[in-house]
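Me: Please take a close look at a single topic, salt bridges, and then connect what you find to the rest of the chain. I am new to this structure, so I would like each term explained as it comes up.

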Amino acid sequence: MVTLGLVLVIGVALGFDFFNGFHDAANSIATVVSTRVLTPRLAVIWAAFFNFIAFAIFGTKVASTIAKGVVQPEVFTLSVVFAGLVGAIAWDVITWYFGLPTSSSHALIGGMGGAAVAKAGWGSLIADGFRKIAVFIVLSPIIGLFLGFSLLMVVLWVFHRYHKVEKLNRGFRRMQLASAAAFSLGHGANDAQKTMGVILALLIGARIVPPTSNVPLWVVLSAHAAIALGTLSGGWRIVHTMGSKITKLQPVSGMSAETAAAVTLFFTASKGIPVSTTHTITGAIVGVGTTQRLSAVRWGVAGKVVWAWGLTIPGAFAVAWAAYLPFKLFA
């Protein structure tokens, strides 16, 4: 049965999706902005479009993992989901304020986990789901780093005798449009689906759809629209960190980083594994930076980013756990 409370919590979930796009705009546009391939405004429009159409290509496997593979579905109630979203949004606001490119996806997972534990104890978590996510917290930036480094080394080797640098840069600027589009598809395929999974869990909990249901089309369209609108708003503090503070990017290195990250995201989306687009693109940027020399990467900035990654799930978990306590007291 559809209630006002259900509608309001779905609205909060879509609000989180909007803020996810706002917070993670840097993932999709930092490289094309920092290499001046596109202006900031054109870059976010480009990214928002490909965020929106991602569902037509990748389906909703990641959404099903979030709805049924992290927290026991029967634990999800309006108050649990609301508290989980509060934890995730609060963590995103804190890290956005400090310009840290953390994972909105992992903030959501931590938030939902914290609220579920506050309601029903540790047994409410699905250990296998959290283990898979924990593995890819480590693997996704490493894969992005390895692919970014390898791809750029191959490109540099192929063109090492080519002396018309300006013409070569023009070619890679055009290629960067394609790589930015590919990464934005991967971003939409991963991050928008987290919110779809939350809404699907709500609908299952309210017995509006059966537990075996796929994500309804209206949920798919609204989640992608919300993240696309958020991306259009831009998150300029984090764009600055990603695009220029970690390492200096050229069109060839920007294209290599985006392509490496996109390949990683395409693979994980096809397997239904919820990973962090932020971790992946940051690893790829570090990878292309190390092709010059280790000192080309500002390791102090990278270290702060890694610390923020490590704190994301427990930080959002703690905020959501506290946010659920009033519901528990007055139940």
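Reply: A salt bridge is counted here when a side-chain nitrogen of Lys or Arg lies within 4 Å of a carboxyl oxygen of Asp or Glu. This is a predicted model, in which local features need pLDDT of at least 70 and side-chain atom pairs count only at pLDDT 80 or more, while totals for chains, interfaces and linings use all residues. Residues are numbered from 1 along each chain as its sequence is written, and side-chain values use heavy atoms, with hydrogens and water left out.

By the rule above, the count comes to one salt bridge. Asp128 pairs in this way with Arg131, and their closest N and O atoms are 2.3 Å apart. Both residues belong to helix α8, where three residues, or about one turn of the helix, separate them. Helices (H or I, at least four residues) and strands (E, at least two) are DSSP runs, numbered from the N terminus. Asp128 and Arg131 are both exposed, and the scale behind that word calls a residue buried under 20% relative accessible area, exposed over 50% and partly exposed in between, using a 1.4 Å probe and protein chains only. In general, side chains of opposite charge can pair when their charged atoms come close.

To place helix α8 in the whole, it helps to turn to the chain itself, which has 14 helices and zero strands. Buried residues make up 56% of its 331 residues. Of the contacts (heavy atoms within 4.5 Å) with a separation of 6 or more, 88% join residues 24 or more positions apart.

Helix α8, residues 127–158, is also among the elements that give two or more residues to the largest nonpolar core. Such a core is a set of buried Ala, Val, Leu, Ile, Met, Phe, Trp, Tyr and Cys residues joined through side-chain atoms within 4.5 Å. The largest core has 48 residues, and those with the most contacts inside it are Val81, Leu85 and Met196. Helix α9 gives the most to this core, namely nine residues. Setting aside residues up to four places away in sequence, Val81 touches Val9, Phe76, Met112, Val198 and Leu202. Apart from this core lies another, of 19 residues, including Leu152, Met255, Ala257 and Ile273. In soluble globular proteins, nonpolar side chains tend to be buried together.

Two of the residues that Val81 touches, Phe76 and Met112, return in the lining of the largest cavity, together with Ile66, Val70, Val71, Leu108 and Ile109. On a 1 Å grid over the protein atoms alone, a cavity is a set of points where a 1.4 Å probe fits but cannot get out, and lining residues have an atom within 4 Å of a point. The grid points are joined across faces, edges and corners, and the volume is the space filled by probe spheres set on them. There is one cavity of 30 Å³ or more, and about 40 Å³ of space lies in the largest. Helix α7 gives the most to its lining, with three residues. The lining divides into seven nonpolar, no polar and no charged residues, where Ala, Val, Leu, Ile, Met, Phe, Trp, Tyr, Cys and Pro count as nonpolar, Asp, Glu, Lys and Arg as charged, and the others, Gly among them, as polar.

A few single residues complete the picture. Thr280 sits in helix α13, residues 277–289, and counts as buried because its relative accessible area is 0%. Beyond its neighbours up to four places away in sequence, Thr280 touches Ser140, Pro141, Gly144, Ala261, Thr264 and Leu265. Gln193, in helix α9, is likewise buried, because its relative accessibility is 1%. Leaving aside neighbours within four places in sequence, Gln193 is in contact with Gly59, Thr60, Lys61, Val62, Ala63 and Gly188.

Arg207 belongs to the loop between α9 and α10, and at 77% relative accessible area it is exposed. Its phi is near 60°, a positive value in a residue other than glycine. Leu232, within helix α10, is partly exposed at 29%, and its contacts outside the four nearest places in sequence are Arg41, Val44, Ile45 and Ala48.

Key: On a 1 Å grid over the protein atoms alone, a cavity is a set of points where a 1.4 Å probe fits but cannot get out, and a pocket is an open set with protein on both sides within 12 Å along at least five of seven lines; lining residues have an atom within 4 Å of a point.
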